[in-house]
Amino acid sequence: MVTNMAGKHLITLQEWTKQEIDTCLDTAYDLKLKMARRIPHASLRDETVFMMFFDESTRTRNSTEAGATQLGAHAHFLDASKMQIQHGDSAKDTAMILSSYGHAIACRHCGWGTGNSYIREMAKYSRVPVLNLQCDLYHPMQGLADLMTIQEHFGRTQTRGLKVSVIWCYATTHKKPISVPLTQALLFPRYGMEVTLAYPEGYELPEWVIEQARANAEENGGSIRISHDIRQAFEDADVVIPKNWGSWYADSKKETVENREGNTTLTEKELEKLARNQSWKCPQELMDLTSAHSIYMHALPADRVNEVEDSVIDGPHSIIYQEAENRLHTVKAVMDLTMGGRR
Ligand code: CP
């Protein structure tokens, strides 16, 4: 157990030791039980967390805001499009000023090539912890909740050897970042899981991610393999996480365009690639190939028409609401451990 995490940033779980992650999960289990037993746990009374959102959110915003209230703190919601960032305030200015007013800055910024560096720039100047609520590369809060949910289902010490398949699926609802599968690919091998990353050609994660995931697996007894065969990914899996993600390669090559409403959309070439892969989805027939005790997970929001059939997401293997609930307990644990210290 680690007891000196006050003031620590959380930008990626890769920068937290396993001991720190385990301490965070210990805290999350404790806080979950306290909430169920109506035991007050206002450890952050009179503290303030600023929540800056450059992108939409349901789970992340509300779990952080409700969690702050339950810990006795106050969460300010800041829509970045309404901040003076629009008129030139830099990441440094914003971090210097907000950190002089409160006790943590939490931020979601999924802009490709800009989100992570913006959050890191704030962390450089902030006097208080900077907490990543999802960027172009990482979603550490989702990773913690996913790990907790898997541990709850299979047993806290029983994750070694679990067959976990992170599977790309077709979706049209929105252009999803790579941060969820990237976080899972790095984190799960650290807990001894045998991870299959399955996707059609063109949806690979950056090579450095696979190298880091392999190193994590070697160090901790897990494994990572890549497959382009969706059936193989479902066969005998203990955990399946079928979910859409965008093409980081297309993003980095700026293979996006602005439509008439000024929103970013994919180029014709990228839309054609997406359309070619409509068969990558999660129907009951594939779910039936998984092990008898398997679980279906999804960070949500899900594209219920394209990514997954209702019979699966609403079926007996689905654990999505427990997974979403655990976003609350894990973000509370992160705030409880990291807030309270000012530089
Ligand atoms: N899973 C997740 O981050 O959900 P939101 O986008 O609703 O916050």
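A disulfide, for this talk, is a pair of cysteine sulfur atoms within 2.5 Å. Keep that cut-off in mind. The model you see is predicted.

Cysteines to start. How many disulfides does the rule give? The count is 0. Take Cys-24. Its sulfur has its closest cysteine sulfur in Cys-135, and the separation is 17 Å, so that pair is too far apart for a bond. Is Cys-24 buried or exposed? Cys-24 is buried, and its relative accessible area is 0%. Now Cys-110. Here, too, the nearest cysteine sulfur belongs to Cys-135, this time 7.1 Å away, and Cys-110 is in no disulfide. Cys-110 counts as buried as well, with a relative accessible area of 17%. The cut-off for buried is under 20%.

Next, the ligand. Which residues surround it? One run in the sequence is Ser-57, Thr-58, Arg-59 and Thr-60. Then come Arg-108, His-139 and Gln-142. Ala-299, Leu-300 and Arg-327 complete the list. Sort that shell by class and you get 5 polar, 3 charged and 2 nonpolar residues.

Now the contacts. Thr-60 puts a polar side-chain atom 2.6 Å from a ligand oxygen. Arg-108 also works through its side chain: an N or O atom there is 2.9 Å from an oxygen atom of the ligand. Ala-299 uses its backbone instead. A backbone N or O atom of Ala-299 sits 2.9 Å from a nitrogen atom of the ligand. And how much of the ligand does the protein bury? On its own, the ligand exposes 260 Å², and the protein buries 92% of that.

Last stop, strand β5. This strand covers residues 163–168. Of its 6 residues, 5 are buried, so β5 is largely enclosed by the rest of the structure. Which strands pair with it? One partner is β6, residues 194–198. The two run parallel, joined by 5 bridges. Within that pairing, Ile-167 has Ala-198 as its bridge partner. Another partner is β8, residues 239–243. That pairing is parallel too, over 5 bridges. Look at Trp-168 there: Lys-243 of β8 stands opposite.

To recap. By the distance rule, there are 0 disulfides. The protein buries 92% of the area that the ligand exposes alone. Strand β5 pairs in the parallel sense with β6 and with β8. That's the tour.

Definitions and conventions. Residues numbered from 1 in each chain as written. Predicted model: local features only at pLDDT ≥ 70, side-chain atom pairs only at ≥ 80, totals over all residues. Heavy atoms only, no water. Near = heavy atom within 4 Å. Polar contact = N/O pair within 3.5 Å; in protein donor to acceptor, adjacent residues only side chain to side chain. Areas by Shrake-Rupley, 256 points an atom, 1.4 Å probe, with all protein chains shown as cover. Nonpolar A, V, L, I, M, F, W, Y, C, P; charged D, E, K, R; others polar. Buried < 20%, exposed > 50% of the residue type's maximum accessible area, 1.4 Å probe, protein only. Helix = DSSP H or I, 4+ residues; strand = E, 2+ residues; numbered from the N terminus. Pairing = 2+ DSSP bridges.
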